[in-house]
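Please open the model in your viewer and keep the sequence panel beside it. The tour below moves from one selection to the next and says what is found at each stop.

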Amino acid sequence: RNFADWCQLEYALWQSHGVRVVQRTLAQLKQATMEEDGTLRLDGSEVSVVYYRAGYGPEDYPTEVQWDARGMLERSKAIKCPSVDYQLVGAKKVQQALARPGAVERFLSSRESSKLRSCFAGLWGLGPQEDDDEIIQTACARPEHYVLKPQREGGGHNFYGSDVAKKLKELSPEDRGAYILMQRIMPGLQPSVMTRQGQ
């Protein structure tokens with residue numbers, strides 16, 4: 001999956017720079033090896049960059065084979081895009097943890113933390129061990145002000161508007177733990193001019 005959109009990039013890398021692109025699933029990477037110095041090798045050639053087109057959701061890790069491959073890639077000296085730490089910082093539950101009072105303050109000064117927090121949208125954890133009754137009632141009453149986000153990469157799996165209330169009512173408390181509720185960012189209207197074919 002997700003291969004056609006980057007074929008042009010693959011061809012350009014080869015034609016312009018002689019850089020070969022090799023596509024492998026995590027399961028197929030059990031053939032790869034890593035040397036003591038961290039050099040990653042596949043079919044005898046050194047791998048310099050690992051660009052993930054999968055590995056963002058739990059369905060990408062059905063067995064230990066995939067987990068072992070990901071671990072080897074992360075320990076190698078190949079450049080990872082994204083690296084596991086960068087991928088985790090984009091995870092909804094990690095964002096939720098960083099939004100808790102005192103979390104960013106552990107890493108930044110009071111002034112820096114305050115400045116950073118001024119950019120945060122409201123974010124609420126859901127499910128077991130979360131005091132979510134009040135925010136769920138509020139979100140169901142005014143769903144247009146919230147986005148329900150699953151622990152998935154990208155925004156294609158989010159719920160907006162009346163779908164927020166509908167989904168919250170369908171989910172069991174345990175299933176709600178796989179989601180976060182976020183304040184919907186409503187951009188201000190901006191005057192603009194629409195052009196078409198130079199007109």
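**First stop: the sheet**

Begin by selecting the four strands of the open sheet: 4 strands form it in the order 6-9-7-8, and the pairing is antiparallel. Strands here are DSSP runs of E with at least two residues, helices are runs of H or I with at least four residues, and both are numbered from the N terminus; two strands pair if DSSP finds at least two bridges between them. This is a predicted model, in which local features need pLDDT of at least 70 and side-chain atom pairs count only at pLDDT 80 or more, while totals for chains, interfaces and linings use all residues. Residues are numbered from 1 along each chain as its sequence is written, and side-chain values use heavy atoms, with hydrogens and water left out.

Colour strand 6 (123-125) and strand 8 (159-160), which stand at the edges; each has a single partner strand, so one side of each is left without a neighbour in the sheet. Next, select strand 7 (residues 146-150) together with strand 9 (residues 179-183), which pair in the antiparallel sense over 5 bridges. Within strand 9, Met182 is the bridge partner of Val147, and Tyr179 is the bridge partner of Pro150. Strand 7 is joined to strand 8 by 2 bridges, the two running antiparallel, and Leu148 stands opposite Phe159 in strand 8.

Which way do the side chains of strand 7 point? Tyr146, Leu148 and Pro150 point one way and Val147 and Lys149 the other way. Strand 7 is mostly covered, with 5 of its 5 residues buried; buried means under 20% relative accessible area, exposed means over 50%, and partly exposed lies in between (1.4 Å probe, protein chains only).

**Second stop: the helices by the sheet**

Add helix 6 (residues 133-141), which lies across strand 6, strand 7 and strand 9 and runs at about 120° to strand 7. For this angle, axes are lines fitted to C-alpha atoms, for helices over the stretch in contact, and angles run from 0 to 180 degrees between N-to-C directions.

Then select helix 7 (residues 162-170), whose buried residues are Val164, Ala165, Lys167 and Leu168. What covers these buried residues includes helix 6, strand 7, strand 8, helix 8 (173-176) and strand 9.

**Third stop: the nonpolar cores**

Turn now to the largest nonpolar core, which has 13 residues; those with the most contacts inside it are Leu26, Leu29, Ala32, Leu40, Val50 and Leu73. Such a core is a set of buried Ala, Val, Leu, Ile, Met, Phe, Trp, Tyr and Cys residues joined through side-chain atoms within 4.5 Å. Strand 2 (40-42) and helix 2 (64-75) are the elements that give two or more residues to this core, and helix 2 supplies the largest share, 3 residues. A second, separate core of 11 residues includes Ile136, Val164, Leu171 and Tyr179.

Centre the view on Leu40 and display its contacts, meaning heavy atoms within 4.5 Å. Not counting residues up to four places away in sequence, Leu40 touches Ala32, Thr33, Ser45, Glu46, Val47, Val50, Met72, Leu73, Ser76 and Ala78.

**Fourth stop: two buried loop residues**

Select Thr39, in the loop between strand 1 (33-34) and strand 2, where it is buried with a relative accessible area of 4%. The side chain of Thr39 makes a polar contact with the side chain of Lys77 (3.4 Å); a polar contact is a pair of N or O atoms within 3.5 Å, of which, within protein, one must be able to donate a hydrogen and the other to accept it, and residues adjacent in sequence count only if both atoms are side-chain atoms.

Move to Ser76, in the loop between helix 2 and strand 5 (79-81), which is buried at 5% relative accessible area. The side chain of Ser76 reaches the backbone oxygen of Leu73 at 2.8 Å, and, leaving aside neighbours within four places in sequence, Ser76 is in contact with Met34, Gly38 and Leu40.

**Last stop: the cysteines**

How many disulfides are there? With a disulfide taken as a pair of cysteine sulfur atoms within 2.5 Å, the count comes to 0. Select Cys81, which is partly exposed at 37% relative accessibility: its sulfur is 17 Å from the closest cysteine sulfur, in Cys7, too far for a bond. Cys119, by its relative accessible area of 64%, is exposed.
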